[in-house]
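I am opening my notebook on a structure that is new to me. Come along and read over my shoulder.

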Amino acid sequence: MPEYVLDWNRYTEAAINVACEGTVLLENHNNTLPIRKGASVALFGRMQSHYYKSGTGSGGMVNVEHTVDIREGLAKSGRVILDQELIDIYDKWEEKNPVDPGIGWGNEKWSQNEMPLEENLVKEVAERNEYALIVIARTAGEDRDNTTDKGSLRLQDSEEDMIAKVTKAFEKTIVLLNTGNIIDMSFVTDYRPAAVLYVWQCGMIGGIATAKILTGEVNPSGLLTDTIAKKIADYPSTPYFGDKDSIKDKYTEDIFVGYRYFSTFAPEKVMYPFGYGLSYTTFDTSGAEMDVRDDRIIVKARVTNLGEVSGKKTVLIFAKAPRGALAKPAKVLAGFEKTYEIMPGGTCTVRIEIPLKYLASFDDDGRAGLGTGWILEKGIYDLNIGGDSLNSDITLSFTIDTSRNIEPLEPVLAPVEELDRFTADENGRLVFEKAPLRTKDYLKELSAGVPEEIAQTGDKGIKLIDVKNGDADMDDFIAQLSDEDLSLIIRGEGMSCPKVTTGTAGGFAGVAKEINAMGVPAVCCSDGPSGMRIDSGKKAFSIPNGTCIASTFNIAAVESLFGWFGIEMISNRVDTILGPGLNIHRHPLNGRNFEYFSEDPLVSGKMAAAQIRALEQNGVTCTIKHFCVNNRETRRRDMDSVVSERALREVYLRGFEIAVKEGGARSIMTCYNRVNGTYGASNYEMNTMLLREQWGFTGITMTDWWAYIIDIPAANMHHALREHAAMARAQNDLYMVCSSVDRKYIDDTDCYEELKKGTGITRAELQRNARNIVTFAMNTPAMDRLNGVKTEVKHIDCPFKNESVDVDTDYFYDISENPVIDITRQVDTSTGKDFIFGITCDENGVYDMEFTASSELGELAQIPMTLYFTSIPFTVVTWNGTNGEEATKTAKLAVNSRHIVLRAHLGAPGVKLLSLKFTRTGPITETTFDELFKEEDK
C-alpha cells in the first residue's frame with residue numbers, strides 16, 4: 001500500500017517561502033524597511049483585515065478555513081506594536097460598512113470602498129507611531145477584466161486621499177499592494193511614499209509572508225515579471241486590447257510584447273522595468289564567463305553579498321541578437337538562476353545553460369533565405385548579465401559566422417485575414433508590415449496522419465490493467481470499443497460529476513458505465529491554479545497566485561511547494577489540476593493575469609515545467625491552459641485572436657512548448673477563443689500539426705468548460721453544444737463537460753450519428769482519441785484506485801480543524817424522483833453549519849427552491865442565508881426569528897446540468913432548515929441567467 005505523508009507544517013512553510021520570495025520591493029527610501037523590532041505601527045486601509053488570497057472565478061475559488069490577513073500576520077509576528085486605537089476605529093466603521101463581495105458569476109467588486117480619513121485623525125495617529133502601513137487591494141478574474149476606472153487599475157479618490165494625508169503626516173509610509181497583477185503606479189511619483197511593495201495575492205498564508213518581509217525576518221528577493229509603464233497608454237497593446245464591440249482581437253504589436261517593446265522602442269516610458277526588485281542588502285555580480293557549444297551556451301558568474309544582512313539574488317541574462325533579415329527586439333530573456341541565501345560577505349557561483357534555440361527567431365515567411373523555422377542569423381550576439389531588462393551589470397559577446405535554420409518547421413496557424421504588425425526598420429524605428437497569411441488548407445490533408453482503423457472485435461475480456469501490466473496490447477483493447485463507446489469516451493462529465501470526488505470540476509475517461517466496466521477509471525480533475533476548488537465544502541490549501549510564483553524566479557522553491565500540493569491532490573482523489581495558466585500578460589487589464597505568470601514566455605514555461613515535474617513525482621499532474629492566445633476575458637468565448645505565426649511561436653506558444661518538452665506535460669486544455677479564424681477546440685493545425693507532430697506531445701487535450709466548437713450558440717445555451725465530431729477530428733480528445741455521459745444520451749452530440757451515416761468523422765479518428773485518453777487514464781492514481789491499490793495519506797497537523805466533509809461525501813439527491821429533501825437527516829443548521837448538497841435532475845429549467853425552517857429566536861432577529869451554485873453566490877435570503885414556528889422562503893435556481901452542487905450558508909446560528917422542495921416553473925431562456933444574476937457594476 002503506497003503511503004504518503006502530508007506534513008502541513010512543511011507544506012505551509014513551502015507556501016510562505018514562495019510568498020516571501022515572490023514579494024517585490026519597488027521603493028525603500030532611506031532604508032525605511034525593514035521595520036525595526038518593537039516599533040509602533042499604524043495600519044491604514046480597510047483591506048488590512050480582508051486580504052485577497054487570490055483572484056476570482058474558477059482559478060481562485062478555494063474553500064479555506066481561514067486566511068491570515070495582513071493585520072493578523074503582523075500581530076502574530078510579535079515584532080511590532082500595532083496601534084489598537086486606530087484598529088478599533090476601522091472595525092467600528094466596518095460594522096456599518098461591510099465588505100460587498102458581489103452576487104453572481106463575474107460580479108465581484110474590483111475593490112472595496114475605503115474609510116474616509118480626517119486629517120486631524122491622521123495627525124494624532126502619527127504623533128504616537130513611527131511607521132504607517134497602507135494596504136491597497138484589488139481583485140479581478142474570470143469573465144471580469146480590469147478597466148482603467150478608479151477602483152480598478154487606478155486608485156479610488158478615497159485611496160488617493162488616504163495616501164496623500166498619511167504620507168504628509170508620516171516620514172515612514174509604506175504602501176502594500178495586495179493585488180493579482182500590476183496597477184497604475186503614478187501615486188508613487190505624486191506622493192513619494194518611503195517604501196512600496198507588491199505583496200500580491202499569496203493564498204491563505206499571505207499575511208504571514210507579508211509580516212516576515214516587513215519586519216526583516218525574510219529579505220525580499222522577488223522581481224517583476226512585467227514591465228510597469230508610466231501610463232496605461234504606453235503599453236503597445238493598449239489600442240488593440242479588449243474592444244467590447246468587436247470579436248476581432250488583433251495582435252498588431254506582434255513579438256514586441258512588454259519589455260521586448262520598451263527596450264526596443266520606448267525605454268523612456270518605463271517606470272519599473274521587467275526584472276526589477278530591491279533587497280535589504282546589495283549584491284555585486286562579477287567574474288562572468290561563457291562556454292559556447294554546438295547547441296547551447298553555459299554562463300557562469302559570481303554573486304557577492306556586499307551588505308550586512310543575508311539575502312538571495314536572481315541573475316537574469318538577456319540576449320541581444322544581430323539585426324539581419326529578421327527584425328528583433330533589443331532584449332529577450334535567455335536564462336535565469338537564483339542564488340541560495342548568501343551571508344554578508346559571502347559569494348555564490350551561478351551556472352546558467354542557454355539552449356541556442358532561446359536565441360533564435362522564428363521566420364514565418366522564409367525571408368532569411370533558409371525556409372521557415374527557427375533561425376540563428378549570423379553576427380554578434382550580446383549576453384547582458386545581471387540587472388533587469390533595461391540595465392545590466394556585465395555584457396559578454398560571441399559571434400555566429402553563418403546563418404542557419406536550427407529547426408525547420410512547416411508553417412501552421414498563420415492568419416487568414418490581413419494583419420498589420422510591428423517591426424523595426426534598419427534604423428531601429430517602429431514601422432508596420434503585413435504579416436504573412438496562410439497559403440495552404442491543411443484540413444484537406446486531415447486524414448493523412450490518422451492511424452489505420454483497428455478492426456472491432458467486441459468484448460474479449462481484456463481490461464486496461466492487462467495493457468498496463470504488459471499482458472495485452474493496446475490495439476487489442478481499443479478493438480473492443482464499440483461505436484457507442486467511442487462516441488462517449490470523448491465526453492467528460494460535470495460540473496460536480498458524482499463518479500469522482502464530489503464538488504470537483506469533472507470526470508472523464510471511464511465515466512460511462514460500459515467503459516468503466518472495461519477497467520477504465522473515472523479520472524478526476526479539479527480547478528486549481530491557486531489551490532483545489534472543491535464545491536462540496538471540503539477545505540483545501542490556498543497557495544500563492546501565478547504572478548507571485550513567477551516573481552520568485554526560484555525553480556526549486558516552486559517544485560517544493562508543488563510536491564506538497566501533489567500529495568494534497570492524492571488525499572482528495574484528484575488526478576489532474578486544471579492549471580497552471582500559461583497565457584501571457586499581454587496587457588495589465590486582463591482579469592486573469594493573477595493566474596498567469598508573466599509577459600515573458602521563458603519565465604512562464606519554466607515555472608509551469610517546475611510545477612509539472614513536482615506533481616508527477618507523486619503520480620498526479622497538471623492540465624496546462626489555455627492553449628492559446630486567450631489573453632483577455634472580454635468576449636472571450638467568441639473572440640477571434642488574429643496573430644502572426646511568428647508572434648505565436650516566439651511569445652504565445654513558447655511557454656507551452658517549454659512545458660511540453662522540458663516539463664513533460666501530458667494534459668492540455670484548449671482555449672475558448674478562435675485562433676486565426678478557428679476555435680481552439682476544433683483547431684487541427686494547433687492540436688495535431690503543431691502540438692503532436694512538431695512538438696511530439698503524446699498526452700491528452702481537452703476543451704475548456706462548455707467551449708464553442710464551430711458556431712456561437714444562443715446565449716447561455718452552452719450545455720446544448722453538439723459538434724463533437726469537429727473537435728475529435730482536430731485531435732482535441734475530450735469535450736469538457738457534458739451533463740451526463742450515458743448511452744441513453746448518445747444522440748446529444750453528432751459523433752455517433754456521423755459514424756452510423758459514414759459521413760464526417762471516422763472510426764479510426766475516434767480510436768486515436770480513445771487511445772490518447774485511456775493511455776493517460778492508465779497512468780493516474782485513479783487507475784490504482786480502480787484496481788484495489790489503496791493509497792494512504794498520513795496527515796501531520798492538518799490546519800482544517802473544523803473539517804466536516806469527507807472525500808467520499810455523496811450528498812446527491814435525485815429531485816426527478818423525489819423533489820423534497822429532508823435537510824434534518826443530513827445536518828442541523830441551527831448550530832451554524834452549512835447545508836451542502838448535490839442534486840441530480842433529468843429536466844433542465846428554472847426551479848423554485850422552497851425552504852422550510854424554524855427558529856427559536858424572536859421575530860426581530862435577522863439572519864441572512866447566502867445560496868451558492870458551485871461556489872458562486874447567486875442570491876441572499878433573510879430569515880427572521882420565528883419563536884419556534886415554521887416559516888418558508890423561496891429562491892429561484894436555473895438548473896442547466898444533470899448534476900449540481902449547492903450550498904446554503906447561514907450568517908449565524910439560530911435557524912434550523914427543515915426541508916427543501918424543488919418545483920419546475922419553466923424552461924431556461926436566453927435571458928434567464930441575466931435575470932437571476934443581474935447586478936449593476938458599482
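**Entry 1: a five-stranded sheet**

In what order do the five strands of the open sheet with mixed pairing lie? I looked it up in this predicted model, and the order is 36-38-43-40-41. At the edges I found strand 36 (812-814) and strand 41 (872-880), each of which pairs on one side only. I also checked the angle: neighbouring strands here are turned by 25° against each other on average, direction ignored.

I then took one pair from the sheet. Strand 40 (residues 862-869) runs antiparallel to strand 43 (residues 899-906), and five bridges pair them. Within that pair, leucine 867 faces alanine 904 of strand 43. A reminder to myself: strands of a sheet pair through backbone hydrogen bonds, either parallel or antiparallel.

**Entry 2: a three-stranded sheet**

Next I turned to an open sheet of three strands, with antiparallel pairing and the order 11-12-15. Why is one side of strand 11 (283-292) and of strand 15 (347-355) left without a neighbour in the sheet? Both stand at the edges and have a single partner strand each, so one side of each has no neighbour there. The twist from one strand to the next averages 20° in this sheet.

Strand 12 (residues 296-305) pairs with strand 15 over nine bridges, in the antiparallel sense. I noted one opposite pair: arginine 296 and, in strand 15, proline 355.

**Entry 3: strand 13 and its partners**

How many of the seven residues of strand 13 (residues 314-320) are buried? I found six, so I wrote the strand down as mostly covered, taking buried to mean under 20% relative accessible area. 

Strand 13 has antiparallel pairing with strand 14 (residues 332-338), over six bridges. There, valine 315 has glutamate 337 of strand 14 as its bridge partner. Strand 13 also pairs with strand 18 (residues 379-385), again in the antiparallel sense, over four bridges. In this pairing alanine 319 stands opposite leucine 383 of strand 18.

**Entry 4: strand 17**

I followed strand 17 next. Strand 16 (residues 361-363) pairs with strand 17 in the antiparallel sense, over three bridges. Phenylalanine 362 and tryptophan 374 of strand 17 stand opposite each other. Strand 17 is also joined to strand 20 (residues 404-408) by four bridges, and these two run antiparallel. Here glycine 373 has proline 408 of strand 20 opposite.

**Entry 5: helix 17, an enclosed helix**

Why do I call helix 17 (residues 654-661) largely enclosed by the rest of the structure? Seven of its eight residues are buried, so the surrounding structure largely encloses it. I listed the buried ones as Arg654, Gly655, Phe656, Glu657, Ile658, Ala659 and Val660.

What do these buried residues pack against? My list includes strand 17 (373-376), the strand of the previous entry, along with helix 15 (601-616) and helix 16 (645-652). Strand 28 (624-627), strand 30 (667-670) and helix 18 (684-694) are on the list too.

**Entry 6: salt bridges**

How many salt bridges does a search of the whole structure find? It finds 73, and I looked up a few of them.

Aspartate 249 forms one with arginine 586, with the closest N and O atoms 3.5 Å apart. This pair links distant parts of the chain, 337 residues apart: aspartate 249 is in strand 9 (residues 248-250), and arginine 586 is in the loop between strand 26 (576-578) and helix 15. Both of these residues are buried.

Arginine 771 and aspartate 475 form another, with 2.1 Å between the closest N and O atoms. Helix 21 (residues 763-778) holds arginine 771 and helix 10 (residues 474-479) holds aspartate 475, 296 residues apart. Are these two buried or partly exposed? Arginine 771 is partly exposed, at 30% relative accessible area, and aspartate 475 is partly exposed as well, at 31%.

My last pair is glutamate 645 and arginine 649, whose side chains meet at 3.1 Å, N to O. They are four residues apart in helix 16, so about one helical turn separates them. Glutamate 645 and arginine 649 are both buried.

I closed with a network: salt bridges that share partners join Glu142, Asp143, Arg592, Glu595, Lys625, Glu633 and Arg636 into one.

Notes: Residues numbered from 1 in each chain as written. Predicted model: local features only at pLDDT ≥ 70, side-chain atom pairs only at ≥ 80, totals over all residues. Heavy atoms only, no water. Pairing = 2+ DSSP bridges. Axes fitted to C-alpha atoms, helices over the stretch in contact; angles between N-to-C directions. Buried < 20%, exposed > 50% of the residue type's maximum accessible area, 1.4 Å probe, protein only. Contact = heavy atoms within 4.5 Å. Salt bridge = Lys/Arg side-chain N within 4 Å of Asp/Glu carboxyl O.
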